Amino acid sequence: MTHPHELRIPPSAAADDSAREMIRAWGSGGGLHITLAPDLLDDPGNWGIVLADVTRHLADAYAKLKDFDRTVTIDRIRELFEAELDSPTDAPTGAFVNG
């Protein structure tokens, strides 16, 4: 099943039969909707590495698309990430479904 606004699978992942999707996030109806596979990483702290890598990829994308400074972009993401962890603007809803 596909969606017209679905992002493409990176070529290296598409070519790798052992690749697994780790996280998918959608903005819909004014909210954030997430599907994730927490069982892929035994240590939950390793998700911090994933989120840091995502942050660096976002900084690179903003630098290329909008000529933003990478360091400023990372600092801004970190600022709001920490603020949201410290004082959430919303509480997660829904349920975890295994499988």
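**Notes on the salt bridges, helix α2 and the β1–β2 hairpin**

1. Let's start with D60, which is partly exposed, with a relative accessible area of 29%. Keep in mind throughout that this is a predicted model. The D60 side chain meets that of R70 in a salt bridge, at 2.6 Å from N to O. This pair ties together distant parts of the chain: D60 belongs to helix α2 and R70 to helix α3 (residues 70-86), with the two ten residues apart. R70 is partly exposed as well, with a relative accessible area of 39%.

2. R70 turns up again if you look at A63. Setting aside residues up to four places away in sequence, A63 touches F68 and R70. A63 sits in helix α2, which covers residues 46-66. Is A63 buried or exposed? Its relative accessibility is 12%, so A63 counts as buried, the cut-off being under 20%. For a sense of distance, take L7: 56 residues separate L7 and A63 along the chain, and their C-alpha atoms are 20 Å apart.

3. T55 is another helix α2 residue worth a look. With a relative accessible area of 16%, T55 is buried too, because that value falls under the 20% limit. Which residues does T55 contact, once its neighbours within four places in sequence are left aside? Those are I74 and I77.

4. Helix α2 also has a salt bridge of its own, between the side chains of D53 and R56, with N to O at 2.4 Å. The two are three residues apart in the helix, which means about one helical turn separates them. D53 counts as partly exposed at 33% relative accessibility, and R56 is partly exposed with a relative accessible area of 44%.

5. Over in helix α3, E79 and R76 make a salt bridge, and their closest N and O atoms are 3.2 Å apart. Both residues lie in that helix, three residues apart, or about one turn. At 46% relative accessibility E79 counts as partly exposed, and R76 is partly exposed with a relative accessible area of 46%. Elsewhere, E6, E21 and R24 are joined into one network by salt bridges that share partners. How many salt bridges does the structure hold? The count is five. As background, side chains of opposite charge can pair when their charged atoms come close.

6. Now the strands. β1 (residues 23-28) and β2 run antiparallel, joined by six bridges. One pairing to check on screen is I23, whose bridge partner in β2 is L36. The hairpin formed by β1 and β2 has two residues between the strands, and G29 there takes a positive phi near 60°.

7. Both members of that I23–L36 pair also show up on the surface. A nonpolar patch of about 520 Å² is made by I23, L32, I34, L36 and F96. Which strand gives the largest share of the nonpolar patch? That would be strand β2 (residues 31-36), with three residues. I34 is placed in β2, and I34 is partly exposed, with a relative accessible area of 44%. When you look at the strand, remember that in a regular strand the side chains alternate between the two faces of the sheet.

Conventions. Residues are numbered from 1 along each chain as its sequence is written. This is a predicted model: local features need pLDDT of at least 70, side-chain atom pairs count only at pLDDT 80 or more; totals for chains, interfaces and linings use all residues. Side-chain values use heavy atoms; hydrogens and water are left out. Helices (H or I, at least four residues) and strands (E, at least two) are DSSP runs, numbered from the N terminus. Buried means under 20% relative accessible area, exposed over 50%, partly exposed in between (1.4 Å probe, protein chains only). Contact means heavy atoms within 4.5 Å. Patches are made of residues with over 30% relative accessible area and no salt bridge: like charges are joined within 9 Å, nonpolar side chains (Val, Leu, Ile, Met, Phe, Trp, Tyr) within 5 Å. Accessible areas come from the Shrake-Rupley method with a 1.4 Å probe; for residues, only the protein chains shown count as cover. A salt bridge is a side-chain nitrogen of Lys or Arg within 4 Å of a carboxyl oxygen of Asp or Glu. Two strands pair if DSSP finds at least two bridges between them.
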